Amino acid sequence: MTDLIDGMTRGEDLGQDCFVCLSAGGGRDMRVARMAVASLLVAGMVSGCGSGPTLQAATMELQKDMQRLETDDVFKSPIKKLRIVERPDKDLPCDKGKFQRVLRATADEDRKTPDVDGHLDLAQTLMENTLSQALHYKMAYDLSQMDWKDARLIEGRKDVPGITVRVIVVPESPTWRLVAETDCLPRS
């Protein structure tokens, strides 16, 4: 069922508030409108086909993350025993003509209580705050982990330039085991 309202049609399958304009002709105004829409579409496709993120940009950001971690108020303390296990200085092939870089680090949080769950909660919160505030990662929160008694998994992401960080938090030393890696990207 359709009703004609001021030159517009409303149909049941379009929804109560959806309208479709009916064209009475195809004159000059219609051609100008079509050309304008076509040129906007072409311009949108051309601008959307940029080179995208590159390994070079992601590597620079990953190196900055390593420096931020090393100079962070919490992790620069010798008590935390921050150790950079693998620096992001080697191109690792991951696809045809594409590579990625990896940063691996460990650090320790002294256990202040015999409560393992409390220790894991504290260590998880401390690392999530560092990753989100000092290193500017967007964190993914998994509330189902609150019941895990032996470990926690932290995950964060920087969509631009394309870096994912994962940290395993465990009660034994080293408490934090961090792996940050770039997406599989072209070099430049």
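These exercises, with worked solutions, go through a predicted model of one protein chain.

**Exercise 1. The chain as a whole**

Find how many helices and strands the chain has, and what share of its residues is buried.

*Solution.*
- Step 1: Start with the secondary structure. There are three helices and twelve strands.
- Step 2: Turn to burial. The chain has 188 residues, and 31% of them count as buried.
- Step 3: Add the surface. The accessible surface is about 12100 Å², and carbon and sulfur atoms hold 57% of it.
- Step 4: Look at contacts between residues with a separation of 6 or more. Of these, 52% join residues 24 or more positions apart.

**Exercise 2. The two sides of helix α2**

Work out where the buried residues of α2 sit around the helix axis.

*Solution.*
- Step 1: Place the helix. α2 covers residues 55-71, which makes 17 residues. From first C-alpha to last, α2 reaches 24 Å, close to the expected 24 Å.
- Step 2: List the buried residues of α2. They are L55, A58, T59, E61, L62, D65, M66 and L69.
- Step 3: Check their directions. The buried residues span an arc of only 165° around the axis, so they lie on the same side of α2.
- Step 4: Recall the general rule. An α-helix has 3.6 residues a turn, so residues three or four places apart point the same way.
- Step 5: Look at the face turned away from the buried side. The exposed residues Q56 and T71 are found there.

**Exercise 3. Strand β9 and its partners**

Determine which side chains of β9 are buried, and which strands pair with β9.

*Solution.*
- Step 1: Follow β9 from 152 to 158. The side chains alternate. R152, I154, G156 and K158 point to one face and are buried. L153, E155 and R157 point to the other face and are not buried.
- Step 2: Take the pairing with β8, residues 138-140. The two strands are antiparallel and share three bridges. Here M139 stands opposite G156.
- Step 3: Take the pairing with β10, residues 163-169. This pairing is also antiparallel, with seven bridges. I154 has V167 as its bridge partner.
- Step 4: Inspect the hairpin of β9 and β10. Four residues lie between the strands, and G162 has a positive phi near 105°.

**Exercise 4. A three-stranded sheet**

Explain why β5 and β12 each have one side without a neighbour in the sheet.

*Solution.*
- Step 1: Write the strand order. The open sheet runs β5-β6-β12, with antiparallel pairing.
- Step 2: Find the edges. β5 (92-95) and β12 (185-186) each have a single partner strand, so one side of each lacks a neighbour in the sheet.
- Step 3: Check the link from β6 to β12. Two bridges join β6, residues 98-100, to β12. F99 is paired with L185.

**Exercise 5. The largest core, and R177**

Identify which element gives the most residues to the largest nonpolar core, then place R177.

*Solution.*
- Step 1: Size the core. It has 27 residues, and those with the most contacts inside it include M127, V167 and W176.
- Step 2: Name the suppliers. α2, β7, α3, β10 and β11 each give at least two residues. α2 gives the most, with five.
- Step 3: Zoom in on M127. Leaving out residues up to four places away in sequence, M127 touches F75, I154, V167, W176 and L178.
- Step 4: Move to R177, in strand β11. Its relative accessibility is 30%, so R177 counts as partly exposed; buried would need under 20%.
- Step 5: Compare sequence with space. R177 and D108 are 69 residues apart along the chain, yet 9.0 Å separates their C-alpha atoms.

Conventions:
Residues numbered from 1 in each chain as written. Predicted model: local features only at pLDDT ≥ 70, side-chain atom pairs only at ≥ 80, totals over all residues. Heavy atoms only, no water. Buried < 20%, exposed > 50% of the residue type's maximum accessible area, 1.4 Å probe, protein only. Pairing = 2+ DSSP bridges. Contact = heavy atoms within 4.5 Å. Areas by Shrake-Rupley, 256 points an atom, 1.4 Å probe, with all protein chains shown as cover. Expected span 1.5 Å × (residues − 1). Arc of directions from axis to C-beta. Core = buried A, V, L, I, M, F, W, Y, C linked by side-chain atoms within 4.5 Å.
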